[in-house]
Amino acid sequence: AMGQGGPRPSLDDYNMTLGALSLCYEEADAGDRMRALVEEMVERGVRPDVRSFAHLMTPCALAGDVDGAQAVLEEAAETKIPLDAHLASTLAKAYVRRAPTAAAVDDAVAALR
């Protein structure tokens, strides 16, 4: 995070950083780093937008963490961010990647062989 005396990052700067961190979701502290970045945004007067929340939801979706993805969606709703197609599809990805669903798909593919 930048020091308080440095230049103020823009929404696009924050979203690019969140997007990069979302791709590192398997790193132990990536989620915490993303949360800290969003807190910094708010403290600096930069309002997270739908892309910010989609980036926050991505690690949950990729890990099949439906509860985590729904929590991000609820947080977005609390800040008056509308549900759009991108957020909805990211939430759907969490359901698809959830372990029981993935196992069911694997079983179905194996049965077709």
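A pocket here is an open set of points on a 1 Å grid over the protein atoms alone, where a 1.4 Å probe fits, with protein on both sides within 12 Å along at least five of seven lines; lining residues have an atom within 4 Å of a point. Grid points are joined across faces, edges and corners, and a volume is the space filled by probe spheres set on the points. By that yardstick, the largest pocket holds about 160 Å³ of space.

A word on the model before going further. This is a predicted model, in which local features need pLDDT of at least 70 and side-chain atom pairs count only at pLDDT 80 or more, while totals for chains, interfaces and linings use all residues. Residues are numbered from 1 along each chain as its sequence is written, and side-chain values use heavy atoms, with hydrogens and water left out.

**Overall picture**

The protein has 6 helices and 0 strands, in the order α-α-α-α-α-α along the sequence. Helices (H or I, at least four residues) and strands (E, at least two) are DSSP runs, numbered from the N terminus. Of its 113 residues, 34% count as buried; buried means under 20% relative accessible area, exposed over 50%, and partly exposed in between (1.4 Å probe, protein chains only). Take the contacts (heavy atoms within 4.5 Å) between residues at least 6 apart in sequence: 65% of them join residues at least 24 apart.

**Back to the pocket**

Helix 2, helix 3 and helix 4 each give two or more residues to the pocket lining, and the largest share, 4 residues, comes from helix 3. Among the lining residues are Met 34, Arg 35, Leu 56, Cys 60 and Val 72.

**The core**

A nonpolar core is a set of buried Ala, Val, Leu, Ile, Met, Phe, Trp, Tyr and Cys residues joined through side-chain atoms within 4.5 Å. The largest one has 22 residues, and Leu 18, Met 41, Phe 53, Leu 56, Met 57, Ala 69 and Leu 87 have the most contacts inside it. Helices 1 to 5 each give it two or more residues, with helix 3 again supplying the largest share, at 6 residues. Leu 87 touches Val 50, Phe 53, Ala 54, Met 57, Leu 73, Ile 81 and Pro 82, not counting residues up to four places away in sequence.

**Helix 1**

The buried residues of helix 1 are Tyr 14, Asn 15, Leu 18, Gly 19, Leu 21 and Ser 22. Down the helix axis they fall within an arc of 165°, so they line one face of helix 1; the arc is that of the directions from the helix axis to the C-beta atoms. These buried residues pack against helix 2 and helix 3.

**Three residues side by side**

| Residue | Place | Relative accessible area |
|---|---|---|
| Ser 52 | helix 3 | 0%, buried |
| Glu 75 | helix 4 | 25%, partly exposed |
| Lys 80 | loop between helix 4 and helix 5 | 69%, exposed |

Leaving out neighbours up to four places away in sequence, Ser 52 touches Leu 11, Asn 15, Leu 18 and Met 41. With neighbours within four places set aside, Glu 75 is in contact with Arg 35 and Phe 53. The C-alpha atoms of Glu 75 and Phe 53 are 8.4 Å from each other, with the two residues 22 apart along the chain.

Lys 80 has a phi near 65°, a positive value in a residue other than glycine. Most residues other than glycine have a negative phi.
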